[in-house]
Amino acid sequence: MTLYIDPPIWPGHGRLWSHLVSDVSYEELHAFAARIGVPERAFERDHYDLPAHRYGDAVRAGAVAVGSKELVRRLTEAGLRRRKGRGT
């Protein structure tokens, strides 16, 4: 099981956010998110949005910290990337 998280650099709603992804399956991603207490509403298409204060929780639970480009590359190579507006 490998989950990846990028740095909390994405602004939104007055906070900075990270993205949490799996390169195996959405089931793995959902199970990990549930285990660390991330609400289902934080899931968006192919990733979970985590506020900056939860970044350390994810890393301590086993998520691997990578840069944003690396995160997208791993997600795409796994065939799990769902782009906005594509309906998939």
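**Strand β5, the cores and helix α3**

Me: How many of the five residues of β5 are buried?
Reply: This is a predicted model, in which local features need pLDDT of at least 70, side-chain atom pairs count only at pLDDT 80 or more, and totals for chains, interfaces and linings use all residues. Residues are numbered from 1 along each chain as its sequence is written, and side-chain values use heavy atoms, with hydrogens and water left out. Strand β5 (strands being DSSP runs of E with at least two residues, and helices runs of H or I with at least four, numbered from the N terminus) is mostly covered, where buried means under 20% relative accessible area, exposed over 50% and partly exposed in between, with a 1.4 Å probe and protein chains only. The number of buried residues in β5 is five of five.

Me: Which residue of β5 is the bridge partner of histidine 19?
Reply: Two strands count as paired if DSSP finds at least two bridges between them, and β3 and β5 pair in the antiparallel sense over four bridges. Within β5, the partner of histidine 19 is aspartate 49.

Me: Which residue in the turn between β4 and β5 has a positive phi?
Reply: Strand β4, residues 43–44, runs antiparallel to β5 and is joined to it by two bridges, and glutamate 44 has histidine 47 as its bridge partner. The two strands form a hairpin with two residues between them, and the turn residue with a positive phi, of about 60°, is arginine 45.

Me: Which element gives the largest share of the largest nonpolar core?
Reply: A nonpolar core is a set of buried Ala, Val, Leu, Ile, Met, Phe, Trp, Tyr and Cys residues joined through side-chain atoms within 4.5 Å. The largest one here has 13 residues, and Leu20, Phe32 and Tyr48 are among those that touch the most other members. Two or more residues come from each of β1 (3–5), α1 (26–35) and β5 (47–51), and the largest share, three residues, comes from α1.

Me: Why do the buried residues of α3 lie on the same side of the helix?
Reply: In α3, residues 68–77, the buried residues are Ser68, Leu71 and Leu75. They lie on the same side because, going by the directions from the helix axis to the C-beta atoms, they cover an arc of only 60°.

Me: Which strands do the buried residues of α3 pack against?
Reply: On the other side of this helix, Lys69 and Glu77 are exposed. The buried residues are in contact, meaning heavy atoms within 4.5 Å, with β1, β2 (10–12) and β3 (15–22).
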